[in-house]
Amino acid sequence: METDDRWSGALTLYEVRQHALFNLGRTMSYALIGAVFGAAGALLYGTIGLAGILGPVQGVVGICIGVAILGMGITRLAGYQQGAVEGVIADTGIGSVFARTYTVISTRIDRWVNGIGIVGLGALHGLLPCMLLYPAFLYAFAQGSPVYGLLSLAALGLGTIPSVFLYGTVIQSVSARQRQVVHYGLGVLFIGLGYVLLAMGLMRFGVVLPLPDIPYYQPISGSEAVA
């Protein structure tokens, strides 16, 4: 950001405002994409429901996505290297989407970061490769609810504002060891989320695993699964 030389090295109200706008755009982007993934899951479940095989399909979705999220968590606990998975994803067929998004950002970043356009800059982050977002989007899809997807991803965006704000303002650099601690924490979180989906999916096939008694909306744990 462009700042007055008199305030060089100091945190100004202008910078606070810009960071707030950036995080607003980022959270809105996460929420909208979460709603899209939730709607896609709802569409799948609705279509399959007409064929009378909703339960087994929900079970398979829960198991597959649960295993995928568990794998992401284990990868982080095993010593995740920043950018490793993102690089693999970017090299797939959707890599061109990330490349075009990056080009749009890099050619306009100077203008956007110093004005209201920083909201759009934050919003574009939902389209960039991010290991934190992959399991969240998959989780929203498995829930099969656009409202739940929107709310859960909005909560993710809001919940990460403090760390993103501190990294961009007060903490100018973070050591590799500190970043690794964050990855370990995310690994534990992902394993927890993946286990919940895996357990809910297995319930559809009569396999009951212990689950924590937590209040959440979970279509996969419908009445027939609980029964």
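Among contacts in the protein between residues at least 6 apart in sequence, what percentage join residues at least 24 apart? In this predicted model, the share of such contacts that join residues at least 24 apart is 74%. The protein has nine helices and zero strands, and 39% of its 227 residues count as buried. The points below go from the overall make-up to the core, then to one enclosed helix, to the surface, and finally to a few single residues.

**Overall make-up**

- Read from the N terminus on, the elements run α-α-α-α-α-α-α-α-α, which fits the count of nine helices and zero strands.
- The protein exposes about 12300 Å², and carbon and sulfur atoms supply 70% of that area.

**Spans recorded as transmembrane**

- An unreviewed UniProt entry places the feature "transmembrane region" at residues 30-54, 60-79, 116-141, 147-169 and 181-203.
- One of these spans in the record is residues 60-79, and in the model the C-alpha atoms at its two ends lie 29 Å apart, while the span is 90% helix and 0% strand.
- Another span in the UniProt record is residues 181-203, for which the end C-alpha atoms lie 34 Å apart and the make-up is 100% helix and 0% strand.

**The largest nonpolar core**

- The largest nonpolar core holds 19 residues, and the members that touch the most other members are V61, I65, I69, Y139, A142 and L197.
- At least two residues of this core come from each of the helices α1 (13-50), α2 (54-77), α6 (133-143) and α8 (176-203).
- Helix α8 gives the most to this core, with six residues.

**Helix α6, an enclosed element**

- Helix α6 is largely enclosed by the rest of the structure, because 10 of its 11 residues are buried.
- The buried residues in α6 are L133, Y134, P135, A136, F137, Y139, A140, F141, A142 and Q143, and two of these names, Y139 and A142, also appear among the core members that touch the most other members.
- After α6 comes G144, a residue whose phi is positive, near 70 degrees.

**A nonpolar patch on the surface**

- On the surface, L32, V147, L150 and L151 make a nonpolar patch of about 380 Å².
- Helix α7 (residues 146-168) supplies the largest share of this patch, with three residues.
- One of the patch residues, L151, has its place in helix α7, and L151 counts as exposed because its relative accessible area is 53%, where exposed means over 50%.

**Single residues in and after helix α8**

- G185 is found in helix α8, and it counts as partly exposed because its relative accessibility is 42%, which lies between the limits of 20% for buried and 50% for exposed.
- Although G185 and G73 are 112 residues apart in sequence, their C-alpha atoms are 9.1 Å apart in space.
- L202 also has its place in helix α8, and, when residues up to four places away in sequence are not counted, L202 touches I63, V207 and L209.
- L202 and Q58 are 144 residues apart in sequence, whereas the distance in space from C-alpha to C-alpha is 9.6 Å.
- F205 lies in the loop between α8 and α9 (223-226), and its relative accessibility of 44% is the reason why F205 counts as partly exposed.
- Leaving aside residues up to four places away in sequence, F205 touches P56, G59, V60 and I63, and I63 is also touched by L202.
- For F205 and V60, the separation in sequence is 145 residues, while the C-alpha atoms are 9.2 Å apart in space.

Key. Residues numbered from 1 in each chain as written. Predicted model: local features only at pLDDT ≥ 70, side-chain atom pairs only at ≥ 80, totals over all residues. Heavy atoms only, no water. Helix = DSSP H or I, 4+ residues; strand = E, 2+ residues; numbered from the N terminus. Buried < 20%, exposed > 50% of the residue type's maximum accessible area, 1.4 Å probe, protein only. Contact = heavy atoms within 4.5 Å. Areas by Shrake-Rupley, 256 points an atom, 1.4 Å probe, with all protein chains shown as cover. Patch = residues over 30% accessible without salt bridge, like charges linked within 9 Å, V, L, I, M, F, W, Y side chains within 5 Å. Salt bridge = Lys/Arg side-chain N within 4 Å of Asp/Glu carboxyl O. Core = buried A, V, L, I, M, F, W, Y, C linked by side-chain atoms within 4.5 Å. UniProt positions renumbered as here; feature names shortened; annotations may be inferred.
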